[in-house]
Amino acid sequence: MFYREAGQFKTSYAADQALLPIRQDRIGLGLILLVAFVAVPLLASDFFIGSIMIPFLVFTLAAVGLNILTGYAGQLSLGTGAFMGVGAYACYKLTTYFPDINILFMVLLSGIFSAAVGVVFGLPSLRIKGLYLAITTLAAQFFLEWCFIRIGWLYNYNDSGAIEVPQRKLFDIAITGASASPTVRYLVIVSLVALMTLVAANVLRGRIGRSWMMIRDMDIAAELMGVRPLYAKLSAFAFSSYYCGVAGALMVFFWIGSAEAEAFDINHSLLVLFMVIIGGMGSLLGCFMGAAFIWILPIAIRAVPQMLGLDVIAATTEHVSNIIIGVLIIFFLIVEPHGLARLWQIGKEKLRTWPFPYSSN
Amino acid sequence: MPTGKQVSVDQYSGSTADQDRSSMDLTASKPVSETSRQYTTELLSIENVSLSFGGVQAVTDISFNIMEGEVRAIIGPNGAGKTSLLNIINGFYHPQEGVINFRGKQRRRMKPYQAAASGIARTFQNVALFKGMSTLDNIMSGRSLKMHRGFLWQVIHLGPARNEEIQHRRRVEEIIDFLEIAHIRKQPVGRLPYGLQKRVELGRAMAMEPELLLLDEPMAGMNLEEKEDMSRFIIDLNSEFGTTIALIEHDMGVVMDLADRVVVLDYGKKIADGTPTEVQASQEVIDAYLGVAH
Ligand SMILES: Nc1ncnc2c1ncn2[C@@H]1O[C@H](COP(=O)(O)OP(=O)(O)O)[C@@H](O)[C@H]1O
Ligand SMILES: [Mg+2]
């Protein structure tokens, strides 16, 4: 009763095709944006911004990237971490060669490099599917990791073997490097994530997004409707890897500040994959939910015993959160492949019909 | 122009046991079409086509043609090679021998998406919808080839890209009206009952506005009422929009009422070709097909 479109009649196809056709959803999004862009920067502590919000948003963007490929185009990938690495190393090389060019431009440009790498490693998808494809993306993961370690040129032959983020400014304010404040870095990330999520939503609801879902659901029929598998699959790899690449560049430049190859290892890939599974395959909202859940849960579990004054060993809390996440992944894989986002939708449907549980509309 | 075919659906015999009655009704229901419907242009012709899978000879030396504007039925017992023939026509299978002419030109070996672009659409024997998408999106997907706005327009989804989407949505809504499926417009097709799924699949093929529509057992597994609806859609599609249709169907009553000409296959070979009454009279057909219960 509280949440429904009653009385909100669409008078045009344009209104019906809008991203958020229901008014309550639009109000909700407005509130979220208000919190994200105004309340958090003004009110939240540096710890909350730097250790919760920034990583959450970086992972969200990576999850959007992987979800486009796996959830929307149906191509399983285990190489997300490596594709993020390509973006990060590309951004590092670009900004050391061209220190005067705006770092934000370089971040967006570095995604192109990982898109290109994504296309190359997407080529096998034209021949193989499912688990076998996942194995080839795993090969990509290990090969790229090897490159990050062995090719000194990528990290400018630093003794540490790590890429160290230099200071870069926007309008005379430091936005990267040690002196950039968490709030400033947060504002950069949240703007990019909001913008790129909108772009993803637009692409997904148009011709190209449909062609990905067609290939995912029934590739034979898709080909018969004139979709070329080559274009559809490789464009999905490119688009998805672009997002992962930008997420990787943001991760190093706006979050952790320096990174070695290990930062982009298989664990990182799996973490993002878990976010997509728990959040929901084929849902952009799910990317936010999954990233929030998996990033924040361990922090919360660590905080709870402290608040209760209990003395629990750090390793124990870590094990507890791993167990919870593991169980949830199994639960979602078996029971609800559309993840938290689907549960949220079911909840909304219940709200629509409440208090009349049996009316369907 | 094709003259309107009239079908009173209660004439469908549904089974071949009722053969006498249905052939009598045939002369009553299609007297005009069999004599005066003249088709002058050949849309597709298949010459001496053979296809084998390893040792299995699916199609053997088959020739037949489809005229522009007609409803051409392909019948035959299970495993006769009907589906394989459709798969050849839309580029899934490549025959080892034979020639295919489409619109008067000999066709080169082509991929399914090329066949689609050349104006051939198709429904499948086992429903092949995009299960995760809504009815609306499934039918919109049939417009893929007609949408051209590039990636950058899609990114902003404003102006021309949005207009294109809306313009095609309008066309899709016409199809939804035509097929009377407005009530399931936003539902994911995976949850729809079988009969409606078949209907959505027809809608998706219609959205391509094909010159040649291949229907592989569009009424299999349907009850009488659903068959009546589907027959009506096929007839309207053919007579109102002039779409040429190749129809695989087991229900002889349906075939006799809808088809202008029938080609009969058995074990991959063509055993008869002609008007429904001619075909029905053929002893070979009776032996191979009509006598056998399906
Ligand atoms: N992809 C394939 N691989 C091997 N054999 C096939 C294939 N497709 C069809 N066949 C064989 O070709 C013959 C004709 O099949 P089909 O065209 O499906 O018949 P129908 O549609 O008339 O029932 C059958 O013997 C079938 O087993
Ligand atoms: Mg068949």
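**Figure 1. Chain A as a whole has the radius of gyration expected for a compact globule.** A compact globule of 361 residues would have a radius of gyration near 21 Å, and chain A, with 21 Å, agrees with that. Please keep in mind that this is a predicted model. Along the principal axes, the C-alpha atoms of chain A fill a box of roughly 65 × 60 × 45 Å. The chain is built with 14 helices and four strands. Half-hidden or open to solvent? Of its 361 residues, 50% count as buried. When contacts between residues at least 6 apart in sequence are considered, 74% of them join residues at least 24 apart.

**Figure 2. The surface and charges of chain A.** Chain A exposes about 16,800 Å², and carbon and sulfur atoms supply 70% of that area. The chain carries 22 positive and 19 negative charges, and the mean positions of the two groups lie 12 Å apart.

**Figure 3. Two cysteines of chain A without a disulfide partner.** How many disulfides does a search of the whole structure find? The count is zero over all chains. Why is A:Cys91 not bonded to A:Cys244? The sulfur of A:Cys244 is the closest cysteine sulfur to that of A:Cys91, yet the two are 15 Å apart, which is too far for a bond. A disulfide would need the sulfur atoms to be within 2.5 Å. A:Cys244 is in no disulfide either, and its nearest cysteine sulfur, in A:Cys287, is 10 Å away. A:Cys91 is buried, at 0% relative accessible area, and A:Cys244 also counts as buried, at 2%.

**Figure 4. A:Ser241 and its surroundings in chain A.** For this close-up, look along helix α10, which covers residues 229-256 and holds A:Ser241. Is this serine buried or exposed? With a relative accessible area of 0%, A:Ser241 is buried. Leaving out residues up to four places away in sequence, A:Ser241 touches A:Phe83, A:Gly111, A:Ser114, A:Ala115 and A:Gly118.

**Figure 5. B:Gln125 and its contacts in chain B.** B:Gln125 sits in the loop between β6 (120-123) and α5 (135-141) of chain B. This glutamine counts as partly exposed, because its relative accessibility is 28%. Which residues does B:Gln125 contact, apart from neighbours within four places in sequence? They are B:Thr83, B:Tyr194, B:Lys198, B:Asp216 and B:Glu217. One of these, B:Tyr194, is 69 residues from B:Gln125 along the chain, and their C-alpha atoms are separated by 12 Å.

**Figure 6. B:Glu217, a contact of B:Gln125 with a positive phi.** B:Glu217 appears again here as a contact of B:Gln125. Its place is the loop between β7 (212-216) and α9 (224-241) of chain B. At 6% relative accessibility, B:Glu217 counts as buried. Although B:Glu217 is not a glycine, its phi is positive, at about 50°. As background, most residues other than glycine have a negative phi.

**Figure 7. B:Asp61, a strand residue with a positive phi.** B:Asp61 belongs to strand β2 of chain B, residues 56-67. What is the phi of B:Asp61? The value is near 50°, positive in a residue other than glycine. B:Asp61 is partly exposed, with a relative accessible area of 46%.

Key:
Residues numbered from 1 in each chain as written. Chains lettered and ligands numbered in written order. Predicted model: local features only at pLDDT ≥ 70, side-chain atom pairs only at ≥ 80, totals over all residues. Heavy atoms only, no water. Helix = DSSP H or I, 4+ residues; strand = E, 2+ residues; numbered from the N terminus. Rg over C-alpha atoms; globule rule 2.2 N^0.38 Å. Buried < 20%, exposed > 50% of the residue type's maximum accessible area, 1.4 Å probe, protein only. Contact = heavy atoms within 4.5 Å. Areas by Shrake-Rupley, 256 points an atom, 1.4 Å probe, with all protein chains shown as cover. Lys, Arg positive; Asp, Glu negative; His and termini not counted. Charge placed at Lys NZ, Arg CZ, Asp CG, Glu CD.
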